[in-house]
Amino acid sequence: VRYSGTCNTTTCAEVIVTVSALSTAPTGATGNTTVCSGESTTLTVQGGSKGAGAVTQWFTGSCGGTAAGTGDAITVSPTATTTYYVRYSSSCNITTCATVTVTVHNSVVATCSTNNASLYFGYSGDQSATIKAIATGGTAPYTVSITMNRPLNCNVVTSAGDELWTGIGGTSVNNVCPASGPGLTPVSTGTVAASGGFYSVNVTLMQDAVFTATITDANGCISTCTVSVHAEDARCFAGNSGNTKVKICHQTGNGGCHEICVNANAVDAHL
């Protein structure tokens, strides 16, 4: 700008007018839109364009409602199915919102139990247990997988020294001892049709073990549980005869206890 007259024309002063681009509305958002209760998901805005100085705003309830965060991506942990609204906002304009709905499925709950927490291998009356995994909540049907934290002990001392694992229905792998050498970690998998139902395995053990059950419901939600069992090898052998007896702690009056080997049919009397 300058002044110009018959006497003179001045130099110019100047002013810059900056034109900022307007934002255009986003078209949607991407991310995992189906989660299980307690899980998180990351939502990322898609489409449109941000004008100069614009920020990305997220809301729940309505466009411009309850603030849920800012930035092109946010991580959310909804407790129920929730619709998220996203827009671009600057001093020039505020766009309309795009929406994305995150569906939340109820959690499945896995509960593990055993009917016998202490096993004594070689004494048939007390060497086995049933490991049970109960599925509740979530959405039926459920897939249940039970495994152990170690391989089966096989061919211990004699060819009869095999730990046993039997899945009650379903499918099992590594549950049979090889002809020689150690076994492999057993896994049994079955289906539970309704909430409150269970899948189980029967085991005969000579060493402590921890069992883990993984339950997956129809929506892919997963829950795990564990149960521990104490086990020991109670066999003892009668000299060169090869006849297996049972090892017990025998109390002798005030003299305390000492270890003896007795026939299996005599254990109850000693107890």
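Biologist: Is Asn-155 buried, partly exposed or exposed in this predicted model?

Modeller: The class follows from relative accessible area: under 20% is buried, over 50% is exposed, and partly exposed lies in between. Asn-155 has a relative accessibility of 27%, so it counts as partly exposed. The residue is located in the loop between β12 and β13 (164-167).

Biologist: What sign does the phi angle of Asn-155 have?

Modeller: Most residues other than glycine have a negative phi. Asn-155, although not a glycine, has a positive phi of about 55°.

Biologist: Where does Asn-174 lie, and what is its phi?

Modeller: Asn-174 lies in the loop between β14 (171-173) and β15 (187-192). Its phi is positive, about 60°, and Asn-174 is not a glycine either. With a relative accessibility of 34%, Asn-174 counts as partly exposed.

Biologist: How should one read the peptide bond from Ala-140 to Pro-141: is it cis or trans?

Modeller: Most peptide bonds are trans. The bond from Ala-140 to Pro-141 is cis, and its omega is near 0°. Pro-141 belongs to the loop between β11 and β12.

Biologist: Let us turn to the interior. Which residues of the largest nonpolar core touch the most other members?

Modeller: In soluble globular proteins, nonpolar side chains tend to be buried together. Here the largest nonpolar core has 31 residues, and those touching the most other members are Ile-131, Ile-146, Trp-165, Val-203, Leu-205 and Phe-211. Several strands supply at least two residues each to this core: β9 (108-114), β11 (128-137), β12 (142-148), β16 (198-204), β17 (207-216) and β18 (222-233). Apart from this core lies another, of 14 residues, including Val-45, Trp-58, Ile-74 and Val-86.

Biologist: Is Ile-146 buried or exposed, and which residues does it touch?

Modeller: Ile-146, in strand β12, has a relative accessibility of 0% and therefore counts as buried. Setting aside residues within four places in sequence, its contacts include Ile-131, Ala-133, Trp-165, Pro-186 and Val-187. Tyr-199, Val-201, Thr-212 and Ala-213 are also among the residues that Ile-146 touches. A separation in sequence can be set beside a separation in space: Ile-146 and Gln-207 are 61 residues apart along the chain, and their C-alpha atoms are separated by 18 Å.

Biologist: What is the corresponding separation for Asn-219 and Asn-106?

Modeller: These two residues are 113 residues apart along the chain, and their C-alpha atoms are separated by 9.1 Å. Asn-219 occupies the loop between β17 and β18. Beyond residues up to four places away in sequence, Asn-219 touches His-105 and Thr-139. Its relative accessibility of 32% means that Asn-219 counts as partly exposed.

Biologist: Is Ser-90, in a loop, buried or exposed?

Modeller: The loop in question runs between β7 (82-89) and β8 (98-105). Ser-90 has a relative accessibility of 12%, so it counts as buried. Leaving out neighbours within four places in sequence, Ser-90 is in contact with Ser-23, Ala-52, Gly-53 and Ala-54.

Biologist: Is Cys-257, in a strand, buried or exposed?

Modeller: Cys-257 is part of strand β21 (residues 257-262). Its relative accessible area is 53%, so Cys-257 is exposed. Outside its neighbours within four places in sequence, Cys-257 is in contact with Cys-249, His-250 and Gln-251. The C-alpha atoms of Cys-257 and Ser-118 are separated by 20 Å, and these residues are 139 apart along the chain.

Biologist: How many helices and strands does the chain have, and why is it described as more spread out than a compact globule?

Modeller: There is one helix, and there are 21 strands. The overall spread is judged by comparing the radius of gyration with the globule rule: the chain has 35 Å, well over the 18 Å that the rule gives for 271 residues, so it is more spread out than a compact globule. Along the principal axes, the C-alpha atoms fill a box of roughly 135 × 45 × 40 Å.

Biologist: What percentage of the residues is buried, and what share of the contacts joins residues at least 24 apart?

Modeller: Buried residues account for 33% of the 271 residues. Of the contacts between residues at least 6 apart in sequence, 59% join residues at least 24 apart. As for the surface, the accessible area of the chain is about 14500 Å², and carbon and sulfur atoms make up 51% of it.

Technical notes: Residues numbered from 1 in each chain as written. Predicted model: local features only at pLDDT ≥ 70, side-chain atom pairs only at ≥ 80, totals over all residues. Heavy atoms only, no water. Core = buried A, V, L, I, M, F, W, Y, C linked by side-chain atoms within 4.5 Å. Buried < 20%, exposed > 50% of the residue type's maximum accessible area, 1.4 Å probe, protein only. Helix = DSSP H or I, 4+ residues; strand = E, 2+ residues; numbered from the N terminus. Contact = heavy atoms within 4.5 Å. Rg over C-alpha atoms; globule rule 2.2 N^0.38 Å. Areas by Shrake-Rupley, 256 points an atom, 1.4 Å probe, with all protein chains shown as cover.
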